[in-house]
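The following exercises concern one predicted model. Please work through each task with the sequence and the structure at hand before reading its solution.

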Amino acid sequence: MPSQTPQINSSSSQTQINFSDPLYLHPSDHPGMILVTKQLDGSNFGSWKKAITIALSAKNKLGFVNGKIVKPSSDHANFDVWQRCNDMVMSWILNTLSSDISESVLYSSSAEEIWKDLEDRYGQSNGAKLYQLQKEISDLTQGSNDLATYFTKLKKCWDELNALSTIPNCTCADAHEMQAFQQN
C-alpha cells in the first residue's frame, strides 16, 4: 500500500480536516489521554503492542507508527497538522510506558521512531520467552480454579505463544494440513 499524505480542505477563513482523515484530531483528544491501561514494563511487549495497536487503529492513527502516514516537507501545507498529530500519538504512547522506558525514548523525533525503537528492544521473539511460555503451559493445572478461569489462563498462554511463534505463510497444497496441525 503506498504511503499517504492526507490533504487539508481549505476554505477562505479556516482550515478543516475531514473526520475520517488520519490528521483529524477529535476535540476530546488530548496529550494526557491514556489509550490503554496496560503499561509496557519490558516483559509484556506482546500484549502491550496488541492493545496499543488496537487503540491507535480505532483512533485512525496507526499510520503514524507504521510509516504509512509520511511526514511532509516543512514547507508543505500539511506539515504543522502532521506534526501536531504525530506529537499527540507520541504522547499517547509515552503515557503507556513505564517511567524508565519512557525516558529512554522521550527525545525521539516521531511516533514511528519510538515504535521502531520499542520493536527493536522488546519485539524480538527469543528462545527464553518461548521456553518460559511452554513451561508455563506444561505446569498449568486447574487446581482449585473453576474451569472458565483455568481455560482463560491456558488460552492466554497459548495465544501469546502463537503470537511469538511465527510460522511462514504457506500457499502450497499442504497449507490446510499445516494450519490444522498448528490448531491441534
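**Exercise 1. Determine how the end-to-end span of helix α5 (residues 111-122) compares with the expected span.**

Solution. Helices are DSSP runs of H or I with at least four residues, strands are runs of E with at least two, and both are numbered from the N terminus. The expected span is 1.5 Å times one less than the number of residues. For the twelve residues of α5 this gives 16 Å, and the end C-alpha atoms lie 16 Å apart, so the two values agree.

Next, consider burial, where buried means under 20% relative accessible area, exposed means over 50%, and partly exposed lies in between (1.4 Å probe, protein chains only). Ala 111, Ile 114, Trp 115 and Leu 118 are the buried residues of α5. They lie on the same side of α5 because they cover an arc of only 100° around the axis; the arc is that of the directions from the helix axis to the C-beta atoms. Their packing partners are α1 (45-58), α2 (63-66), α3 (79-94) and α4 (99-105).

Two remarks on the basis of these values apply throughout. Residues are numbered from 1 along each chain as its sequence is written, and side-chain values use heavy atoms, with hydrogens and water left out. As the model is predicted, local features need pLDDT of at least 70 and side-chain atom pairs count only at pLDDT 80 or more, whereas totals for chains, interfaces and linings use all residues.

**Exercise 2. Identify which residues of α1 are buried, and what covers them.**

Solution. First, the length: α1 has 14 residues and reaches 20 Å from its first C-alpha to its last, close to the 20 Å expected. Second, its buried residues are Phe 45, Trp 48, Ile 52, Ala 55 and Leu 56. These cover an arc of only 105° around the axis, which puts them on the same side of α1. Third, the face turned away from that side carries the exposed residues Lys 50, Ile 54 and Ala 58. Finally, the cover over the buried residues includes α2, α3 and α5.

Just after α1, Asn 60 takes a positive phi of about 65°, although Asn 60 is not a glycine. Most residues other than glycine have a negative phi. Asn 60 belongs to the loop between α1 and α2 and counts as partly exposed, at 33% relative accessibility.

**Exercise 3. State which helix supplies the largest share of the largest nonpolar core.**

Solution. A nonpolar core is a set of buried Ala, Val, Leu, Ile, Met, Phe, Trp, Tyr and Cys residues joined through side-chain atoms within 4.5 Å. The largest one has 31 residues, and those with the most contacts inside it include Trp 48, Ile 93 and Leu 118. Each of α1, α2, α3, α4 and α5 supplies at least two residues of this core. The largest share, nine residues, comes from α3.

**Exercise 4. Describe the surroundings of Ser 108: is this residue buried or exposed?**

Solution. Ser 108 lies in the loop between α4 and α5. With a relative accessible area of 11%, Ser 108 is buried. A polar atom of its side chain is 2.9 Å from the backbone oxygen of Val 105. Beyond its neighbours within four places in sequence, Ser 108 is in contact (heavy atoms within 4.5 Å) with Met 90, Glu 113 and Ile 114.

Notes
Polar contact = N/O pair within 3.5 Å; in protein donor to acceptor, adjacent residues only side chain to side chain.
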